[in-house]
Protein chains: 2
Amino acid sequence: MPRNPTVSNDVLLDRLTHLFRMVGYESASMARIAAATGLEKSSLYHRFPNGKQQMALEVTERVGATFANVVLAPALQHETPVAKRVETIAANLREFYKEGTMPCLLEALSVEAVNESISANLRSAAEAWIGVFAAIGVEAGMPRRRARQCAQDAVANIEGALVLARVTGDTTAFERSLKSLPNQLTSHDDQRN
Amino acid sequence: MPRNPTVSNDVLLDRLTHLFRMVGYESASMARIAAATGLEKSSLYHRFPNGKQQMALEVTERVGATFANVVLAPALQHETPVAKRVETIAANLREFYKEGTMPCLLEALSVEAVNESISANLRSAAEAWIGVFAAIGVEAGMPRRRARQCAQDAVANIEGALVLARVTGDTTAFERSLKSLPNQLTSHDDQRN
DNA sequence: GTCTATACGACGATAGAC
DNA sequence: GTCTATCGTCGTATAGAC
């Protein structure tokens, strides 16, 4: 019988996700993970026989799925006007990144290249994100090639603003990156060089 | 007498900088540092009595200085046309980030918040960067407030593109972020929302 | 100023009781 | 399924010879 009430798989992964996003992979020691999740190390190995790497792998899988199926999902509601969908996505991103105060797994885990599976998950998530943004641009009338560039730039904008927020403590650039999303993704006149 | 030819302080810091930029702080173990620098661990402690933290501290100081005094220095040549200076800075950034393939210390070290001095150095470097970009905007006729926003956005663009490059392997967004610098920093018409 | 050798704590991971 | 207790390794850091 567990001394402490068992932590559900969902809550467990939530807490792991939070920790990995905040401190990355190497800084998230088993001791810190145990403290953050409320489970002892050996209990964690029972759930994740392959240890930390498996935790990070499952976290990247789950976050990738959540990001696609929740945050970016409004993109698929083709009955809703494009502008409206972009606004909804912006709101979702604001929430997902906690107004710019919570780092992205892409930044947190990409520096310390843990293993190829994790890197592949991060790459897939990033490319799915860009793909969704590009599809919006195409729908709004952009040529495919330009839509893809604008999509990349919009994602880069958001990611860079998160870096800036973490380093300087100023989240205003993040807020602007969301505010300018409609223009970046659907505008007909070229905003770039 | 040293068995191996002594490594100069400059070369030593160059190699430390490279390693920290590539793998971050925690992944840069003393063993890896020894391998990367060509010095044994105890020799490294002779040069950096406070160990890894001192190495990271000196690296952030030096990179901050280099960035301000070399990469961004052309901004101060007021006899040169603004457009020309921005182009020179873009070229310097391209070189500094090796066409987008070499990470920025801001990303590499900001996730694992090592200590307050290092964080302060990163913050200073980022703010100096934004300050220089903003000054260029003001010089080009932007209102102070808007120049600062454009400067932040330009930096965020570059940083985000570097994240994207590391995750997806695609450096085209990085190249675009440099190409669009002139427009971002000196353009009179508002590119943002 | 660099080396070899070593101390010692923290790390990821496992064994076995309940 | 969670716990306590423990293993071996690798981490940072130091001692002392040259």
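Which element gives the largest share of the surface near DNA strand C? In this predicted model, that element is α3(B), with four residues. Two or more residues also come from each of α3 (41–47) and α4 (51–71) of chain A.

The surroundings of DNA strand C are a good place to begin. In total, 20 residues surround the strand, and the closest are A:M30, A:Y45, B:T6, B:S42 and B:R47. Of the strand atoms that come within 4 Å of the protein, 59% belong to sugar and phosphate. The surface residues divide into seven nonpolar, eight polar and five charged.

Individual polar contacts add detail to this picture. In chain A, a backbone N or O atom of A:M30 lies 2.5 Å from a phosphate oxygen of the strand, while a polar side-chain atom of A:K41 is found 3.2 Å from a base nitrogen. In chain B, a polar backbone atom of B:E40 sits 2.8 Å from a phosphate oxygen.

Turning to helix α7 of chain B, its 24 residues (116–139) should span 34 Å at 1.5 Å a residue, and this agrees with its end C-alpha atoms, which are 34 Å apart. At the start of α7(B), a side-chain oxygen of B:N115 comes to within 2.9 Å of the backbone nitrogen of B:S117. Just after the helix, B:G141 has a positive phi of about 105°.

The buried residues of α7(B) include B:L122, B:W129, B:I130 and B:F133. Both chains help to cover the buried residues of this helix: among the covering elements are α8 (144–168) of chain A and, from chain B, α4 (51–71), α5 (82–96) and α10 (181–186).

Key: Residues are numbered from 1 along each chain as its sequence is written. Chains are lettered from A and ligands numbered from 1 in the order in which they are written. This is a predicted model: local features need pLDDT of at least 70, side-chain atom pairs count only at pLDDT 80 or more; totals for chains, interfaces and linings use all residues. Side-chain values use heavy atoms; hydrogens and water are left out. The expected span of a helix is 1.5 Å times one less than its number of residues. Buried means under 20% relative accessible area, exposed over 50%, partly exposed in between (1.4 Å probe, protein chains only). Contact means heavy atoms within 4.5 Å. A polar contact is a pair of N or O atoms within 3.5 Å; within protein, one must be able to donate a hydrogen and the other to accept it, and residues adjacent in sequence count only if both atoms are side-chain atoms. A residue is near a molecule or strand if one of its heavy atoms lies within 4 Å of it. Ala, Val, Leu, Ile, Met, Phe, Trp, Tyr, Cys and Pro count as nonpolar, Asp, Glu, Lys and Arg as charged, and the others, Gly among them, as polar.
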